[in-house]
Amino acid sequence: MADPSSFAPPSRIVVAGASLAGLSAAKRLRQLGYSGDLVLIGDEPYPPYDRPPLSKQVLTRRLSTDTTLPQPRDLDIDWRLGVAARGVDLTARRIDLANGDALDYDRLLIATGTRARPWPKPDEASIDGVLTLRGRDDADRLVPRLAASPGRVLIIGGGFIGCELASCCREMGLAVTIVESERVPMRRALGERIGAFMAGVIRDHGVDLRLGAMVERIEADNAGAVAAVMLKDGKRIGCDLIIVALGAVRNVEWLEGLGLLTSARGLRCDAFCRALRANESPAPGVFAAGDVAHWPLVANDGHLVTVEHWGNAVEQARMAAHNMLAGDITGMRIHQHLPDFWSSQFGLNIKCVGLADSAEEMAIAQGSVEGRRFLAVFGRKGRTIAALSINSARWLPAYRALIEEGAPFPPIEGAVDQPRMRKEAAGFASIDT
Amino acid sequence: MKVVVDLNRCQGYGQCVYAAPKVFQLKGSEILAYDPAPSDQWRDEVERAVHACPVRAISAEFDNPPVESASTE
Ligand SMILES: Cc1cc2nc3c(=O)[nH]c(=O)nc-3n(C[C@H](O)[C@H](O)[C@H](O)COP(=O)(O)OP(=O)(O)OC[C@H]3O[C@@H](n4cnc5c(N)ncnc54)[C@H](O)[C@@H]3O)c2cc1C
Ligand code: SF4
């Protein structure tokens, strides 16, 4: 698709979504020498801040919920904070804001991320004491509730955020229940085997972990405060605080009906981070990055992925910034990121590189599961595609290198100092492409 | 002052903890916890931590530019 206007260097770049991806793109644009107008639009009233500490040290160490990200002084950004982007006109290259402003753009980066999936029944979700956690305001609501020593905290959903929150509760000496519908916690990211290991760790720390269980209903007391949940199997669990941790919903509603290819999985873009139109051709000048993007990952045989992790938000935004300045496709680069994440909970540092959830087999490559210090490798079609470390982060870079060079699975023994490996099923649900 | 650590990159060796113990702490054997908004009184320590980190995982900014909010709140 020839788009003559994209050959002219941009003089106004607009970023919708002022968080990790938006700021990372802005920093990169300036590093690359872009000196034109740079507008960042964010519906939250805060400058870009970091989310991971909000489910970790901010709660247990009672630190301020001000996790504002460091910003170089010379970014020269035209901030539009506390105002949402409301729509885009792809032909006129104009973005409309909720306050009535309209901004022309040469390049637009869509980085509107995700929000916490709410409890599906609105009347129950609005009960006093039913919270979610995604942003600073959520953390500000949560901190005093936890400080008030609730008798029992009940967490709906045993994903990363739910488990990290449970870990914080235990560190604060609070009784806590996790209700998770899967057979193991964090199964989507860790698989059956490591998930089962984590279930043991979580229970050892005194968490009442209910697996294969589903909350049917949230109940309030006469004063309208949360009192209990009723499970599908009829069991009732009394609690004073509920945190709904059911994952995230992508912020794409504002883009619907405008000609862009959006779905529940996000805004479709290509490997160059260019946002796609309904006919799968790139929308002129429009890019996407971070949690909102739904994109083809080379390391995953080109299958589409959404990666809701910090590392991808930074890297994809940096690549989008590069490609926004590249002119045409010949100057653009492919976002060939190897997804990675960390989590810390129950005294364990969990780190992963690669997309473990598309693995067929796994093996323990270093350390021992019993000793709670190990590194697992994951394989698909005879290749090593991911590695996950539990309190063994120092081994990870060597395995990242093996994955990047497409090493066989299991990796050749002796390539890294390791015991003899036994292959097992990885235990992920079938891959969703 | 604002601090962020790229914890994908961090190796948990703890040099930053020696440099700025009020801001960085190791929990368990290798979990790095840090104060994202430490007091400016630790500026020198944090600067030392930034330089001590062998994988350059720490970013800090000592004087954030003021940001105006378009909201009426
Ligand atoms: C509690 C918590 C803990 C986490 N812990 C980890 C971790 O340990 N490790 C890890 O790898 N990842 C972690 N993550 C994930 C990581 O924070 C995200 O991957 C990252 O924030 C994604 O950045 P983003 O900029 O793409 O999207 P977001 O951070 O979601 O930012 C999108 C921004 O756009 C705004 N916005 C939405 N719609 C509009 C609109 N129409 N107009 C203007 N603005 C809009 C949103 O309000 C938001 O401010 C965690 C996330 C949370 C919530
Ligand atoms: S010095 Fe760097 S690598 Fe070491 S613990 Fe601190 S941040 Fe992590």
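Two strands count as a pair when DSSP finds at least two bridges between them. Keep that in mind for the close-ups below, which come from a predicted model.

**View 1. Six strands of chain A line up in an open sheet.** Reading across the sheet, the order is β24-β25-β28-β27-β26-β29 in chain A, and the pairing is antiparallel. Which strands stand at the edges? They are β24 (340-345) and β29 (423-425) of chain A; each has a single partner strand, so one side of each is left without a neighbour in the sheet. From one strand to the next, the twist averages 25 degrees. Helix α8 (residues 396-404) of chain A packs on this sheet and touches β24, β25 (348-354), β26, β27 (373-380) and β28 (383-390) of chain A. The direction of α8 makes about 165 degrees with that of β28(A).

**View 2. Strand β26 of chain A meets its partner β29(A).** Strand β26 covers residues 361-368 of chain A, and 3 bridges hold the antiparallel pairing with β29(A). To find your way, look for A:Ala363: opposite this residue, in β29(A), stands A:Lys423. As background, strands of a sheet pair through backbone hydrogen bonds, either parallel or antiparallel.

**View 3. A salt bridge ties β29 of chain A to a helix.** The side chains of A:Arg193 and A:Glu424 meet here, with 2.3 Å from N to O. How many residues apart are these two partners? The answer is 231: A:Arg193 belongs to helix α6 (residues 187-204) of chain A, while A:Glu424 sits in strand β29 of chain A, and the pair links distant parts of the chain. In general, side chains of opposite charge can pair when their charged atoms come close. Over all chains, the whole structure holds 33 salt bridges.

**View 4. Helices α1 and α7 of chain A cross each other.** The axes of α1 (residues 20-31) and α7 (residues 310-324) of chain A come within 8 Å, crossing at roughly 40 degrees. α1(A) and α7(A) are therefore oblique to each other. Their crossing is right-handed. On the α1(A) side, the contact is made by A:Leu20, A:Ala21, A:Ser24, A:Ala25, A:Arg28, A:Leu29 and A:Gln31. From α7(A) come A:Trp310, A:Ala313, A:Val314, A:Ala317, A:Arg318, A:Ala321 and A:Met324. Sorted by class, the contact of α1(A) with α7(A) has 10 nonpolar, 2 polar and 2 charged residues.

**View 5. A three-strand open sheet sits earlier in your tour of chain A numbering, with the order β4-β5-β6.** The pairing in this sheet of chain A is antiparallel. At the edges stand β4 (85-89) and β6 (102-104) of chain A; each has a single partner strand, so one side of each lacks a neighbour in the sheet. Here the twist averages 20 degrees from one strand to the next. Strand β5 (residues 94-97) of chain A is joined to β6(A) by 3 bridges. Within that pair, A:Ile95 faces A:Leu103 of β6(A) as its opposite residue.

**View 6. Strands β2 and β3 of chain B form a hairpin.** Strand β2 (residues 24-27) and strand β3 (residues 31-34) of chain B pair in the antiparallel sense over 4 bridges. B:Gln25 has B:Ala33 of β3(B) as its bridge partner. Between the two strands lie 3 residues, and B:Gly28 in the turn has a positive phi of about 60 degrees.

**View 7. Two loops of chain A show backbone details worth a second look.** Most residues other than glycine have a negative phi, and most peptide bonds are trans. A:Ser149, not a glycine, has a positive phi of about 50 degrees. You will find A:Ser149 in the loop between α4 (136-147) and β10 (152-156) of chain A. A cis peptide bond joins A:Phe409 and A:Pro410, with omega about -10 degrees. A:Pro410 lies in the loop between α8 and β29 of chain A.

Key
Residues are numbered from 1 along each chain as its sequence is written. Chains are lettered from A and ligands numbered from 1 in the order in which they are written. This is a predicted model: local features need pLDDT of at least 70, side-chain atom pairs count only at pLDDT 80 or more; totals for chains, interfaces and linings use all residues. Side-chain values use heavy atoms; hydrogens and water are left out. Axes are lines fitted to C-alpha atoms, for helices over the stretch in contact, and angles run from 0 to 180 degrees between N-to-C directions. Contact means heavy atoms within 4.5 Å. Angles under 35 degrees count as roughly parallel, over 145 as roughly antiparallel, 65 to 115 as roughly perpendicular and the rest as oblique. A crossing is left-handed if the near helix is turned anticlockwise from the far one by less than a right angle, and right-handed if clockwise. Ala, Val, Leu, Ile, Met, Phe, Trp, Tyr, Cys and Pro count as nonpolar, Asp, Glu, Lys and Arg as charged, and the others, Gly among them, as polar. A salt bridge is a side-chain nitrogen of Lys or Arg within 4 Å of a carboxyl oxygen of Asp or Glu.
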